[in-house]
Amino acid sequence: MSYHLEGRLLEVCNCKVLCPCWIGEDPDNGTCDTIVAWRIDHGTVNGVDVGGNTIAAVAHVPGNILRGNWTAAIYVDERASPEQEAALLDVYTGQLGGPVADLVQLIGEVVSVERAPIRFTVNEGKGELEIGADYYAALEPYLGATGGQTTLTDTIFSTVPGAPVFVGKAPTYRSRNKALGIDVDIKNHNALQSIFVFDG
């Protein structure tokens with residue numbers, strides 16, 4: 001059993017800019033409410049082509065992100081075929097091991113797994129994420145003195161050595177908080193986007 005996934009990772013949360021979780025520090029508020037989405041541009045899982053799909057987690061992190069015990073709701077792109085959905089869930093529930101299993105072991109409780117229309121247009125820190133009618137964020141990158149985009153490299157969540165992590169904020173955000181019963185406004189708070197490559 002094996003998988004190869006590559007694409008774009010987006011994370012927005014209620015931490016201030018920039019999110020301390022990416023360097024392993026405690027969240028600004030002691031806890032963190034976040035959306036993490038993986039847009040799979042190219043990938044296969046046990047021979048099943050899963051490219052063009054997005055999977056997302058809406059999560060409450062009760063403390064330092066590396067200590068785990070997250071509570072999460074999982075959303076699978078409604079465009080995924082049943083075979084693609086099963087393959088993605090095999091990876092993102094940790095059943096196929098590898099680096100994604102290391103990540104998902106941080107989740108203590110999954111409260112739901114749902115299909116939803118997911119729109120992911122974020123590239124180099126700019127664009128939009130929309131999950132059904134419940135979650136929406138528009139991202140805007142920060143710029144440096146010369147007009148180039150502000151980036152990080154080699155964070156604890158970087159999967160491609162040297163690849164940039166684009167630092168930005170979410171100037172527009174809405175949430176019905178349907179999944180976890182939380183009500184938090186992350187407007188103008190942290191937004192980070194990077195690329196990922198997972199081999200398992």
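This report covers the pockets and nonpolar cores of a predicted model.

**Pockets**

The two biggest pockets compare as follows.

| Pocket | Volume | Lining residues | Nonpolar / polar / charged |
|---|---|---|---|
| Largest | about 400 Å³ | 23 residues | 17 nonpolar, 4 polar, 2 charged |
| Second largest | about 200 Å³ | 13 residues | 12 nonpolar, 1 polar, no charged |

Start with the largest pocket, of about 400 Å³. Closest to its centre are L9, L103, L106, I156 and F157. Four elements give two or more residues to its lining: β1 (3-13), β2 (32-45), α2 (98-104) and β12 (190-199).

The second largest pocket has I74, Y92, V104, I107 and V110 nearest its centre. At least two lining residues come from each of β4 (53-61), β5 (70-77), α1 (82-92), α2 and β6 (107-116). β6 gives the most, with 3 residues. No charged residue lines this pocket.

**Cores**

In soluble globular proteins, nonpolar side chains tend to be buried together. The largest nonpolar core here holds 42 residues. L5 and W38 have the most contacts inside it. Two or more core residues come from each of β1, β2, β4, β5, α1, α2, β11 (165-175) and β12. β2 gives the most, with 5 residues.

What does W38 touch, leaving out residues up to four places away in sequence? Its contacts are R8, L9, N53, T54, I55, A57, Y92, L103, F196 and F198. Two of these also turn up at the largest pocket: L9 and L103 are among the residues closest to its centre. Y92 is one of those nearest the centre of the second largest pocket.

Another core lies apart from the largest one. It has 20 residues, including L10, I118, L139 and A191.

Key: Residues numbered from 1 in each chain as written. Predicted model: local features only at pLDDT ≥ 70, side-chain atom pairs only at ≥ 80, totals over all residues. Heavy atoms only, no water. 1 Å grid on protein atoms, 1.4 Å probe; cavity = no way out; pocket = protein on both sides within 12 Å on 5 of 7 lines; lining within 4 Å. Points joined across faces, edges and corners; volume = space filled by probe spheres on them. Nonpolar A, V, L, I, M, F, W, Y, C, P; charged D, E, K, R; others polar. Core = buried A, V, L, I, M, F, W, Y, C linked by side-chain atoms within 4.5 Å. Buried < 20%, exposed > 50% of the residue type's maximum accessible area, 1.4 Å probe, protein only. Contact = heavy atoms within 4.5 Å.
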